[in-house]
Amino acid sequence: MEKVKKNTLFNARYIATLGVLLALVIVLQAFGGSFTIGPVSLNFSLIPVALGALVLGPVAGAILGLGNGIVVLIQVIQGLSPFYVLIWTESPVITTLICLFKVTVAGFVAGLVFKLISRKNVYVATFVAAALIPVVNTALFILGCLCMYDTIYMMYDASTMNIFVYICITLVTFNFFVELAINLIVAPALNAVYNVVSKQYFVTKNKKKCVNQEDCK
């Protein structure tokens with residue numbers, strides 16, 4: 001019976017924390033969590049995705065990433081960016097897959113890597129996981145763009161630049177480094193939050209163990 005109560009407590013805390021972070025992801029992405037520089041928007045809602053991956057694990061990171069992707073897809077369909085209008089018009093299926101899965105996979109990978117590295121060093125694991133979010137997100141974005149070769153080809157003169165170079169320089173470079181810098185800057189804060197949450201859970205867990213023990217103080 002005691003084990004069931006502890007799991008219930010953990011599940012309730014997990015769901016509540018996930019709900020708050022998901023709401024934060026949606027609000028940041030939908031109402032000012034990104035702004036456009038060039039053809040692609042910088043995504044500041046990656047920060048709560050990273051936090052969720054650290055505190056709650058890879059599954060939560062994936063759920064938060066999917067929530068982000070759904071909001072991005074809605075924005076793409078609404079035509080908020082000229083670039084996304086083009087790729088949505090020409091390749092709606094691939095565009096949908098890019099929107100839904102790039103941050104989903106990034107959140108899952110970051111949570112999984114953090115879980116593995118944190119066994120040795122939590123601080124290093126935090127920085128690695130925070131960096132992986134924009135790295136994986138950008139890598140999948142590039143892959144998706146390469147799958148829409150003809151669509152991207154329409155955007156520039158093919159005789160002047162290789163399409164892969166065009167994607168990396170024009171669509172990715174500045175945005176990627178800014179997002180990477182932001183995540184690395186907030187990494188110490190993410191580490192502090194993780195330590196606080198972990199400590200609180202550890203204390204609560206020990207108190208639950210002591211409920212029926214006379215020697216607990």
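Mentor: Buried means under 20% relative accessible area, exposed over 50%, and partly exposed in between, with a 1.4 Å probe and protein chains only. The model here is predicted: local features need pLDDT of at least 70, side-chain atom pairs count only at pLDDT 80 or more, and totals for chains, interfaces and linings use all residues. Residues are numbered from 1 along each chain as its sequence is written, and side-chain values use heavy atoms, leaving out hydrogens and water.

Trainee: What pattern does the protein chain follow along the sequence?

Mentor: Helices (DSSP runs of H or I, at least four residues) and strands (E, at least two) are numbered from the N terminus. The protein chain has 8 helices and 2 strands. Read in order, the pattern is α-β-β-α-α-α-α-α-α-α.

Trainee: How many of the residues in the protein chain, as a percentage, are buried?

Mentor: The protein chain exposes about 11600 Å² (Shrake-Rupley method, 1.4 Å probe). Carbon and sulfur atoms supply 70% of that area. Of the 217 residues, the buried share is 41%.

Trainee: What share of the contacts with a separation of 6 or more comes from residues 24 or more positions apart?

Mentor: A contact means heavy atoms within 4.5 Å. Take the contacts in the protein chain with a separation of 6 or more. Residues 24 or more positions apart account for 72%.

Trainee: How many of the residues of α2 are buried?

Mentor: Helix α2 covers residues 46-56. Among its buried residues are Leu-46, Pro-48, Val-49 and Ala-50. The helix is largely enclosed by the rest of the structure, because the buried count out of 11 is 10.

Trainee: Which residue follows α2 with a positive phi?

Mentor: Look just past the end of α2. Phi there is positive, near 110 degrees. The residue is Gly-57.

Trainee: At what angle do α2 and α5 pack?

Mentor: Two packed helices are described by the angle between their axes and the distance between the axes. Here helix α5 spans residues 92-117, and the two axes lie 8 Å apart. The crossing is right-handed. The packing angle is about 40 degrees.

Trainee: How many nonpolar residues does the contact of α2 with α5 have?

Mentor: From α2 come Leu-46, Val-49, Ala-53 and Leu-54; from α5, Val-103, Gly-107, Ala-110, Gly-111 and Phe-114. The contact has 2 polar residues and no charged ones. The nonpolar count is 7.

Trainee: How far is Gly-111 from Leu-54 in space, C-alpha to C-alpha?

Mentor: Gly-111 lies in helix α5 and counts as buried because its relative accessibility is 1%. Beyond four places in sequence, Gly-111 touches Ala-53, Gly-57 and Pro-58. Gly-111 and Leu-54 are 57 residues apart in sequence, yet their separation in space is 5.6 Å.

Trainee: What does Val-59 count as at its relative accessibility?

Mentor: Val-59 lies in helix α3. Its C-alpha is 7.6 Å from that of Gly-111. Beyond four places in sequence, Val-59 touches Tyr-14 and Phe-108. Its relative accessibility is 49%, so Val-59 counts as partly exposed.

Trainee: What span should α3 have at 1.5 Å a residue?

Mentor: Helix α3 runs over residues 58-77, and 14 of its 20 residues are buried. Expected span is 1.5 Å times one less than the number of residues. The end C-alpha atoms are 28 Å apart, which agrees with the expected 28 Å.

Trainee: Which residue just after α3 takes a positive phi?

Mentor: The place to look is just after α3. Phi there is about 75 degrees. The residue is Gly-79.

Trainee: What is the relative accessible area of Thr-126?

Mentor: Thr-126 is found in helix α6, residues 122-147. Beyond four places in sequence, Thr-126 touches Leu-54, Phe-114, Ala-187, Leu-190 and Asn-191. Thr-126 is buried because its relative accessible area is 0%.

Trainee: What separates the C-alpha atoms of Met-148 and Glu-90 in Å?

Mentor: Met-148 lies in the loop between α6 and α7 and counts as buried, because its relative accessibility is 2%. Beyond four places in sequence, its contacts are Ile-87, Ser-91, Ile-94, Thr-95 and Ile-98. Met-148 and Glu-90 are 58 residues apart along the chain, and their C-alpha separation is 8.6 Å.

Notes. Axes fitted to C-alpha atoms, helices over the stretch in contact; angles between N-to-C directions. Left-handed = near helix turned anticlockwise from the far one by under 90°. Nonpolar A, V, L, I, M, F, W, Y, C, P; charged D, E, K, R; others polar.
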